[in-house]
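Open the structure in your viewer and keep the selection tool at hand. Each stop below says what to select and what is there.

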Amino acid sequence: MKDLKGISKFLSLVLRHKPEEIGVVMDANGWVAVDELIEKCSVKKVSLDFDTLEEVVISSDKQRFAFSDDYSKIRANQGHTVSVDLGLEEKEPSDFLYHGTVEKFLESIKADGLQKMQRLHVHLSKDIETAVKVGSRRGKPVILKIHAAAMHKDGYTFYLSKNGVWLCEQVPVKYIEF
Ligand code: HQG
């Protein structure tokens, strides 16, 4: 059986954080040529062919990756730490969005609000269930309720990624319900 999850994690590393890990070129919009990706994955002994890559893209639980229309390029839908312009769609959020985190960050979040840390955006979830999954990556999840519509009304911009993750620059403390 192919290790689709392992490949997906490796692709997340390359397509969001470290294209240099295997020496692929990423354009300003986050795209990497599929042929080059497949070829250079072998450098790290990750054996990949087009069919497997397509399987990873289709089976990704969070739809982490997308092909260009002609399947010649691939990119991550969100989660980057490298600076890319994804042409994100600005969107008005519903009343509340959620953020899954853990206890140890609360004091700092209470002081500074939610910050994007290493990534390009603060990531917010449309429902509590998704936020629980995000928080659980780090331990016992703590869910923060974000007064998103109020923020938007006050002039903050929200984006919705292709795979349904809400993104913004920051969330000031006054919009966070702890
Ligand atoms: C915390 C996954 C201290 C924040 C998920 C989080 C998501 C602060 C951590 C995506 C802080 C950053 C992103 C402050 C925020 N002081 N800590 N002022 N502001 N934090 O991984 O949201 O599976 O960059 O609470 O599903 O956890 O990779 O962000 O705990 O969509 O596809 O700093 O990653 O997607 O951590 O996760 P991250 P995140 P994938």
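The tour starts with the whole chain and ends at single contacts of the ligand. Keep in mind throughout that this is a predicted model.

**Stop 1: the domains.** Select residues 4-76 of the protein chain, which the domain assignment gives as domain 1. Then select residues 97-177 in another colour; the assignment gives these as domain 2. Taken over C-alpha atoms, the centres of domain 1 and domain 2 are 27 Å apart.

**Stop 2: the ligand.** Show the ligand together with both domains. Why does the ligand lie between domain 1 and domain 2? Domain 1 and domain 2 both give residues to the shell around the ligand, so the ligand lies between them. The place where the ligand sits is the largest pocket.

**Stop 3: the elements around the ligand.** Select strand E5 (96-102) and helix H4 (106-112), the elements that give two or more residues to the shell around the ligand. Which of them gives the largest share of the shell? It is H4, with three residues.

**Stop 4: the shell.** Now select the residues within 4 Å of the ligand. There are 18 residues around the ligand, and the closest are Arg16, Lys62, His99, Ser108 and Arg138. Coloured by type, the shell shows seven charged, six polar and five nonpolar residues.

**Stop 5: the polar contacts.** Show the side chains of Lys62, Arg64 and Arg138. In Lys62, a side-chain N or O atom is 2.6 Å from an oxygen atom of the ligand. Arg138 also places a polar side-chain atom 2.6 Å from a ligand oxygen atom. For Arg64, the distance from a polar side-chain atom to an oxygen atom of the ligand is 2.8 Å.

**Stop 6: the cover.** Finally, show the protein as a surface. On its own, the ligand has 780 Å² of accessible area, and the protein covers 89% of that area.

Terms used:
Residues are numbered from 1 along each chain as its sequence is written. This is a predicted model: local features need pLDDT of at least 70, side-chain atom pairs count only at pLDDT 80 or more; totals for chains, interfaces and linings use all residues. Side-chain values use heavy atoms; hydrogens and water are left out. Domain bounds come from an automatic or database domain assignment. A polar contact is a pair of N or O atoms within 3.5 Å; within protein, one must be able to donate a hydrogen and the other to accept it, and residues adjacent in sequence count only if both atoms are side-chain atoms. Accessible areas come from the Shrake-Rupley method with a 1.4 Å probe; for residues, only the protein chains shown count as cover. On a 1 Å grid over the protein atoms alone, a cavity is a set of points where a 1.4 Å probe fits but cannot get out, and a pocket is an open set with protein on both sides within 12 Å along at least five of seven lines; lining residues have an atom within 4 Å of a point. A molecule sits in a cavity or pocket if more than half of its atoms lie within 2 Å of its grid points. Helices (H or I, at least four residues) and strands (E, at least two) are DSSP runs, numbered from the N terminus. Ala, Val, Leu, Ile, Met, Phe, Trp, Tyr, Cys and Pro count as nonpolar, Asp, Glu, Lys and Arg as charged, and the others, Gly among them, as polar.
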